[in-house]
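Please study the sequence and the structure shown here before attempting the exercises. Each task is followed by a worked solution.

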Amino acid sequence: MTEELVKFLEARLDEEADLARRCDGDGCGEWSAHGHTVDFCQVDLTGFHPTIAQHVALHDPARVLREIEAKRRILARHARDPWPCHTLRDLASPYADHPDFPARA
């Protein structure tokens, strides 16, 4: 079961990294929030509630990629742990609604 969960997590992290890279194709830097506006470097989008603008800016591609790399290091440290590895199960828990989520995770 651990191997199935590791493969599942690797696939999700690959998907998220690909998406983050596509969102920052010009390498413009960190997204930021200013009141009702999110600065995406290329364009400013307005009309957000300030809290939502901060939330969106928090998920700028560079930060997402750093988080993914941290999760990959955790995954590498625990990939051979005996089942049930609670750390891997915790890493997988945000994806519980994904159609490929392992049944026994």
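The exercises below proceed from the overall fold to single residues.

This is a predicted model, in which local features need pLDDT of at least 70 and side-chain atom pairs count only at pLDDT 80 or more, while totals for chains, interfaces and linings use all residues. Residues are numbered from 1 along each chain as its sequence is written, and side-chain values use heavy atoms, with hydrogens and water left out.

**Exercise 1. Determine which helices and strands the protein contains and in what order they run.**

Step 1. Helices (H or I, at least four residues) and strands (E, at least two) are DSSP runs, numbered from the N terminus. The protein has four helices and three strands.

Step 2. Read from the N terminus, the order is α-β-β-β-α-α-α.

**Exercise 2. Describe the overall dimensions of the protein.**

Step 1. Along the principal axes, the C-alpha atoms fill a box of roughly 45 × 25 × 20 Å.

Step 2. The radius of gyration is taken over C-alpha atoms, and the globule rule is 2.2 Å times the number of residues to the power 0.38. The protein has 17 Å, whereas a compact globule of 105 residues would have a value near 13 Å.

**Exercise 3. Work out how the strands are arranged in the sheet.**

Step 1. Two strands pair if DSSP finds at least two bridges between them. The three strands form an open sheet in the order S1-S2-S3, with antiparallel pairing.

Step 2. Strand S1 (32–34) and strand S3 (44–45) are at the edges with a single partner strand each, so one side of each has no neighbour in the sheet.

Step 3. Three bridges join S1 to strand S2 (residues 37–39) in the antiparallel sense. Ala33 lies opposite Val38 in S2.

**Exercise 4. Establish whether Thr2 is buried or exposed, and what Thr2 touches.**

Step 1. Thr2 is located in helix H1 (residues 2–23).

Step 2. Buried means under 20% relative accessible area, exposed over 50%, and partly exposed in between (1.4 Å probe, protein chains only). Thr2 counts as buried because its relative accessibility is 9%. Buried residues make up 26% of the 105 residues in the protein.

Step 3. Contact means heavy atoms within 4.5 Å. Not counting residues up to four places away in sequence, Thr2 touches His78, Ala79, Asp81, Pro82, Trp83 and Leu88.

**Exercise 5. Locate Pro84 and state the form of the peptide bond from Trp83.**

Step 1. Pro84 is in the loop between helix H3 (61–78) and helix H4 (86–92).

Step 2. The peptide bond from Trp83 to Pro84 is cis, and its omega is near -5°.
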